[in-house]
Amino acid sequence: MEGADYDELWSDYVPTDILRLISSRLIAGDYFAFLAVCKRWRFESLSSPLPPPIHDSPSSPCLMTLNKETGIIESFHPVYNVITHKMDIPKLKGARIRSANANWLLVSHGNRGMFFFNPISNNIIELPDLLEDVENHFPSWTFSCSPDSSSSDCFVIGFENFGSPPAIYIIKVGESSWTYHDFYNEDGNKQGSFMLSGCHNPVFFKNNIVWIFGDKGNLGILNIKENSAVETPIWEFYGKYLPRRKRSSIRQSYLVEDADNGGILVVMLTYEERSSRQL
């Protein structure tokens with residue numbers, strides 16, 4: 001258009017109070033997309049998203065930390081960058097959070113104690129003590145679904161930090177004792193070549209199948225047989241080992257479901273870069 005000033009943008013004419021009103025109601029990706037529209041919207045003193053209510057909706061993301069000395073849980077909202085609330089739970093003194101799913105935390109206490117805790121309802125579901133001769137030196141734990149769900153069975157599984165493949169503890173919620181499965185074949189040799197030596201091996205559990213990322217970068221899949229904790233599960237292994245240099249650079253890794261492509265993604269946080277690998 002003749003005589004138009006292309007240095008001026010339509011976004012420059014939106015009143016600041018309107019921008020603040022809009023930005024205060026955006027979260028996550030929408031908020032960051034709003035800031036990326038132009039420099040003015042990014043650098044002006046706009047309102048941060050409104051803080052969530054004390055008990056936000058179950059679908060809202062939340063990070064939790066447990067001070068095992070005091071039993072105090074803090075809930076941190078990563079979108080709003082605020083601590084939403086604190087709870088003093090005497091039952092959690094000396095405890096350790098092992099896994100989280102469907103608003104429930106799987107918690108260990110001492111060498112043998114295990115229970116579920118719901119930080120929204122404060123409900124506790126006790127589990128039987130672990131077997132006395134094995135105790136709890138298992139670094140990786142997971143459970144399949146909400147332990148109070150009546151629509152499906154909830155399995156709890158712990159993975160030992162040595163063995164190839166590692167031994168497991170398993171129980172179906174409602175049973176009176178744990179089952180310990182070791183994976184020796186008839187010749188006394190371990191099956192497969194898959195190891196877990198660290199405490200950060202990511203685990204994903206769905207439809208009675210457990211995916212776990214091994215120390216060397218390959219994938220172990222554990223299949224629960226006959227919907228039973230007593231029947232010996234079956235291990236399968238996939239993928240090649242990552243190069244030694246790549247493995248040594250990994251600081252943390254996570255397993256997430258790739259809902260669009262029907263697979264599993266391994267997200268690796270390294271000392272040098274962020275990367276992902278599809279399995």
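Here are some short exercises on the strands and sheets of this chain, each with a worked solution, and all of them rest on a predicted model.

**Exercise 1. Take stock of the chain: how many helices and strands are there, and what share of the residues counts as buried?**

Solution. Start with the secondary structure: the chain holds 4 helices and 18 strands. Next, turn to burial. With buried taken as under 20% relative accessible area, 41% of the 279 residues fall in that class. Then look at the surface, where the chain exposes about 16,100 Å², with 50% supplied by carbon and sulfur atoms. Finally, consider contacts with a separation of 6 or more: residues 24 or more positions apart account for 41% of them.

**Exercise 2. Find the order of the open sheet that contains E4, and explain why one side of E4 and of E7 is left without a neighbour.**

Solution. Begin with the order, which is E4-E5-E6-E7; these 4 strands form an open sheet with antiparallel pairing. Strand E4 (95-101) and strand E7 (124-126) stand at the edges and have a single partner strand each, so one side of each has no neighbour in the sheet. On average, neighbouring strands here are turned by 25 degrees against each other, direction ignored. Now zoom in on E4 and its antiparallel partner E5 (residues 104-109): 6 bridges join the two. At one position of this pair, Asn 101 lies opposite Trp 104 in E5.

**Exercise 3. Which strands are the edge strands of the sheet E12-E13-E14-E15?**

Solution. First, write down the sheet: it is open, has 4 strands, and its pairing is antiparallel. The edge strands are strand E12 (203-206) and strand E15 (234-238), since each pairs on one side only. From one strand to the next, the twist averages 20 degrees. To see how E15 is held in the pairing, follow strand E14 (residues 219-223), which runs antiparallel to E15 and is joined to it by 5 bridges. Within that ladder, Asn 223 has Ile 234 of E15 as its bridge partner.

**Exercise 4. Describe the hairpin of E16 and E17: how many residues lie between the strands, and which residue in the turn has a positive phi?**

Solution. Locate the strands first: E16 covers residues 250-258 and E17 covers residues 263-270, and they pair in the antiparallel sense over 8 bridges. One of the bridges matches Asp 258 with Gly 263 in E17. Between the two strands lie 4 residues. In this turn, Gly 262 has a positive phi of about 70 degrees.

Conventions: Residues numbered from 1 in each chain as written. Predicted model: local features only at pLDDT ≥ 70, side-chain atom pairs only at ≥ 80, totals over all residues. Heavy atoms only, no water. Buried < 20%, exposed > 50% of the residue type's maximum accessible area, 1.4 Å probe, protein only. Contact = heavy atoms within 4.5 Å. Areas by Shrake-Rupley, 256 points an atom, 1.4 Å probe, with all protein chains shown as cover. Pairing = 2+ DSSP bridges. Axes fitted to C-alpha atoms, helices over the stretch in contact; angles between N-to-C directions.
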